[in-house]
Amino acid sequence: MKNSAGKFVIAFVLGMVLMFVLDMVFHFNNSIEKELEREAQRAQKKIENIFK
């Protein structure tokens, strides 16, 4: 009984770590995407200002 409980605890901890890592990766990816979007908006405004 002890062995299966230990395996469950280890699997649970590994699952939590995996979810945490995936959350960090997707949050990081989302922030890069937002920054690229901001840069595109700035470039578009500069181009529009040139043609005004």
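What share of the 52 residues in the chain is made up of buried residues? In this predicted model, buried residues account for 0% of the 52 residues. The legends below take the chain as a whole and then turn to selected sites.

**Figure 1. Overall form of the chain, which has one helix and zero strands.** The radius of gyration of the chain is 23 Å, well over the 10 Å given by the globule rule for 52 residues, so the chain is more spread out than a compact globule. The C-alpha trace spans about 75 × 5 × 5 Å along its principal axes. Helix α1 comprises residues 2–51.

**Figure 2. Surface and charges of the chain.** About 5400 Å² of the chain is exposed, and carbon and sulfur atoms supply 70% of this area. The chain carries 8 positive and 6 negative charges. The mean positions of these two sets of charges lie 7 Å apart.

**Figure 3. A nonpolar patch on the surface.** The patch is formed by F8, V9, F12, V13, M16, V17, F20, V21, M24 and V25. Together these residues have about 1000 Å² of accessible area. One of them, M16, is found in helix α1.

**Figure 4. The salt bridge between R38 and E35.** Side chains of opposite charge can pair when their charged atoms come close. A search of the whole structure finds two salt bridges, and one is shown here, with the side chains of R38 and E35 meeting at 2.8 Å, N to O. Both residues belong to helix α1, where they are three residues apart, about one turn of the helix. R38 counts as partly exposed because its relative accessibility, 45%, falls between the 20% limit for buried and the 50% limit for exposed residues. E35 is likewise partly exposed, with a relative accessible area of 34%.

**Figure 5. The salt bridge between R42 and E39.** How far apart are the closest N and O atoms of R42 and E39? The separation is 2.7 Å. R42 and E39 are three residues apart in helix α1, so about one helical turn separates them. R42 is partly exposed, at a relative accessible area of 45%. E39 is also partly exposed, and its relative accessible area is 37%.

**Figure 6. A11 and its separation from E35.** A11 has its place in helix α1. With a relative accessibility of 47%, A11 counts as partly exposed. A11 and E35 are 24 residues apart along the chain, and 36 Å separates their C-alpha atoms. E35 is the residue whose side chain meets that of R38 in a salt bridge.

**Figure 7. L22 and its separation from I50.** Is L22 buried, partly exposed or exposed? L22 counts as partly exposed, because its relative accessibility is 38%. L22 lies in helix α1. In sequence, L22 and I50 are 28 residues apart, and in space the distance from C-alpha to C-alpha is 42 Å.

Terms used
Residues numbered from 1 in each chain as written. Predicted model: local features only at pLDDT ≥ 70, side-chain atom pairs only at ≥ 80, totals over all residues. Heavy atoms only, no water. Patch = residues over 30% accessible without salt bridge, like charges linked within 9 Å, V, L, I, M, F, W, Y side chains within 5 Å. Areas by Shrake-Rupley, 256 points an atom, 1.4 Å probe, with all protein chains shown as cover. Salt bridge = Lys/Arg side-chain N within 4 Å of Asp/Glu carboxyl O. Helix = DSSP H or I, 4+ residues; strand = E, 2+ residues; numbered from the N terminus. Buried < 20%, exposed > 50% of the residue type's maximum accessible area, 1.4 Å probe, protein only. Rg over C-alpha atoms; globule rule 2.2 N^0.38 Å. Lys, Arg positive; Asp, Glu negative; His and termini not counted. Charge placed at Lys NZ, Arg CZ, Asp CG, Glu CD.
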